[in-house]
Amino acid sequence: MAMISRFLNKANRHLRSRKALGFLAIAVGYILIVDVNLQQRSRLLQEQRELYDRELITLDMGAGNCDIGSPTENGNPAGVDTTKTLLVSYPGSGKRFTWTIIKALTNSEVADDWNFSGKLNDEISPLTVKTSWPHREGVWSWGKTMNQVIFLVRDPSRAIPSYHNMRFELDYANDWAESFTSIPMTYKERPAVDVWEVWRDAHFNEEMDNWIKMTEFWMRGGYDNSTESVHSRCENMDIDCSPKAIIDFDHFYQPGANSDFLQLCNVLDDSLHDSVTVSVISSQIRACVLSQVFENPELHQGGRPDAGTEYSFTLSQFDDMLRKVTELRDRVEAAVTDPDTLYEEATALELVVILNKYIKDIAAKRYLSTEIIVEQAAARAFGTATCSDITEGTTDRDSCDYMTNMASHGVLASAYPEESFPYEDYLQERADLVRFYNSNDGTDWAGRDGWLEDGDHCDWQHIGCNEDHRIESILMSSNNINGNFPTDLDNMEYLKSLDLSMNSLSGSVTEALCNKKPDLFLVAMAANCDNKLDPSNPPEYSAVGCCSLVVP
C-alpha cells in the first residue's frame, strides 16, 4: 500500500512539473509574440514620424520648376514677429494636404493640435497648426501662439466618410494614448463598405449637425450658439477667429493652380509680408509646388487607396443633408447684410457660392441613389429589375415597366426635408398598387383619378395614407373592379380598412388578409367571404369568418 502511495505522489509531482513547463512555454511564446508586435509597431511608428518630419525645403530650379525636398528634416521655425495661422476644418476635410502645401510654400514647420508629430513646441515654433476644434476630435493646445484663421470646408457627403476612415484606422480610439498607438496604422487602408454603413447609420445625424455647427462657429468668428456668445478663447487668446479665407477643399484639391490656391497664397503673402524669419516662395514656382504635392499622395494620403463611390448615404440621409445644407445657405445669405450676425460679408458671400455647389452635387448623388432604390424595389416586387426578362404583355411586365421608369415617381424628384421618408416601404406599396391596377382591369374602374400617373399614390383616388406615407385605407366599393380577388394587398403592413364590396371579383379573401384581423376592417361580398352568417343579426353581419362586414 505504501509503495502504491509513493508511486502516485511521484507521478503527481511529475505531472505538475510537466504542466509548469507547459505554462512556461506558453508564457515565453506570448512574450515573444508581444515583443515582435511591439517591434513592428515601433518600426511603423518611426516610419510615421518620418512621414511627419518632412523637409519640404522648396528650391527654385528655374523655368517654373521646383524641388520640394525630402521627408527627413524639420522645416524652419517661425519667429516671434511672424503672423501664425490656425488651419481649421471639420475632420476629414483635407487639412493634411493643405498643411503640406503651406509647408512647401513657406519652408516653415507645421504641427497638429494633438502634437502627434512632436512639433508643437517653442523650439520648433510652427507657422501653422491644424485642428478640428471645437469638434471633439480637436483640442485647443497651442495656447496664444496662433494669430489668424483659415477655414477649410468640404462637401459633407465627402467629409463624413473621410472622417470615418480616420476613425476606423485609429480603431475608434477615445483618447490621445489610444490614438497615438494606432498612428502607424493610419493612411494605409479603407474600411469595408458594411463597416462604413453601420457607423454611418449610428452617427449620421450627430455628424451632420457637427458639420453645420463647425461651419457656423468659425464663419461667425467663434460664436458659440450654445452660449449665444463668442467663445472665450477667441476673445482672450490673441487670435482673430474670423477666417481670413474660406477654402473649398473639393475645388482646391487638384494639380493645377485655382482660385482657392491663389486665395491661400494671398493670405500667406499678406500675413508674412513683414516677417523677418518666414517668407512665401517665388510666385513663379508656386504652381509647381501644388502639382508636386498633389502628384505625390504619400505626402498627404500615405498608402491609402482612393475612395470609391460605394461610401455613400441612404436616400433619407441625402434628404436630411440637402435640407440642412440648404437651411445653412439661406441663413448665411440672409445674414450677409446684417452686422449683428457676426459674418464677414466677403467670406459669407464666398460660403454661399460654395454651399450652392454642394447642394447641386448632393442633389446629383441623391438622384443616383433614387435610381438604385427604384431598381431594388422592382427586384423585390418582380424578381428582377431588368423588365425585358419578363414576358412582354403580361401584368408583371407592364407593372415592372412602370416601376423602373424614373418619370413615374414624382415623389422622388424632390426631397422630403422635414422627415425621414420611408422610401423602400413606400415603393413596395406603390408596386403592389400598380400590379393590383394592371391585374384587375384598372382602365375600366369607375374611379381611378391619379392612378399610374407620377403623383404621390397617397393622393390616388380611393387610397388613404397615414402621416408616415404608409397605406392605411383602400375604399373601392362599387368601382367596377373585375378579376380575381387581389393578392397584391397582402403585404400592406398598416392597412386598417379595405372595402372591395359591390364589385365583380371571384375567389376568396386571401389568408394573409384574413390574418390581419382584428386590426383590419374588411368589407367584401358574400361570394368572397367564408363567413358563417348569424341569423339572429341583420344578414350583412357575421359571427365567424374573415370579413368584418359581409355584403350579400
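**Warm-up.** Does C458 count as buried or exposed, and at what relative accessibility?

*Solution.* C458 has 14% relative accessibility and therefore counts as buried. The cut-offs are under 20% relative accessible area for buried, over 50% for exposed and partly exposed in between, with a 1.4 Å probe and protein chains only.

Before we go on, a word on the model. It is predicted, so local features need pLDDT of at least 70 and side-chain atom pairs count only at pLDDT 80 or more, while totals for chains, interfaces and linings use all residues. Residues are numbered from 1 along each chain as its sequence is written, and side-chain values use heavy atoms, with hydrogens and water left out.

**Exercise 1.** Work out how the strands of the open sheet are arranged and which helices pack there.

*Solution.*
- Step 1: begin with the order. Five strands, β4-β5-β3-β6-β9, make up an open sheet with parallel pairing. Strands (E, at least two residues) and helices (H or I, at least four) are DSSP runs, numbered from the N terminus, and two strands pair if DSSP finds at least two bridges between them.
- Step 2: find the edges. β4 (110-112) and β9 (245-248) each pair on one side only.
- Step 3: add the twist. On average, neighbouring strands are turned by 25° against each other, direction ignored.
- Step 4: look at one pairing. β4 and β5 (residues 128-131) run parallel and are joined by three bridges; V110 has T128 of β5 as its bridge partner.
- Step 5: place the helices. α5 packs on the sheet and touches β3 (85-88), β6 (148-153) and β9, its direction making about 150° with that of β6. Helix α11 (residues 345-382) lies across β6 and β9, at about 15° to β9. Axes are lines fitted to C-alpha atoms, for helices over the stretch in contact, and angles run from 0 to 180 degrees between N-to-C directions.

**Exercise 2.** Describe the surroundings of R200 in helix α5.

*Solution.*
- Step 1: locate R200. The residue belongs to α5, which spans residues 193-219.
- Step 2: check exposure. R200 has a relative accessible area of 7%, so it is buried.
- Step 3: list the partners. Beyond its neighbours within four places in sequence, R200 is in contact (heavy atoms within 4.5 Å) with S312, F313, T314 and Q317.
- Step 4: focus on S312. The R200 side chain reaches the backbone oxygen of S312 at 3.0 Å. The C-alpha atoms of R200 and S312 are 9.1 Å apart, although these positions lie 112 residues apart along the chain.

**Exercise 3.** Survey the disulfides, taking the pair C66 and C288 in detail.

*Solution.*
- Step 1: count. The whole structure holds six disulfides, each a pair of cysteine sulfur atoms within 2.5 Å. With the bonded cysteines numbered in sequence order, the pairing reads 1-4, 2-3, 5-6, 7-8, 9-11, 10-12.
- Step 2: examine C66 and C288. Their sulfur atoms are 2.1 Å apart, and -90° about the S-S bond makes the link left-handed.
- Step 3: see what is joined. C66 is in strand β2 (residues 65-67) and C288 in helix α9 (residues 286-294), so the disulfide ties together parts 222 residues apart in sequence. Both C66 and C288 are buried.
- Step 4: turn to C234 and C241. Their sulfur atoms are 2.2 Å apart, and the torsion of about -90° means that this disulfide is left-handed. C234 is buried at 9% relative accessibility, and C241 is buried at 3%.
- Step 5: return to the warm-up residue. C458 is bonded to C465, with sulfur atoms 2.2 Å apart, and their link is left-handed with -90° about the S-S bond.

Conventions. Polar contact = N/O pair within 3.5 Å; in protein donor to acceptor, adjacent residues only side chain to side chain.
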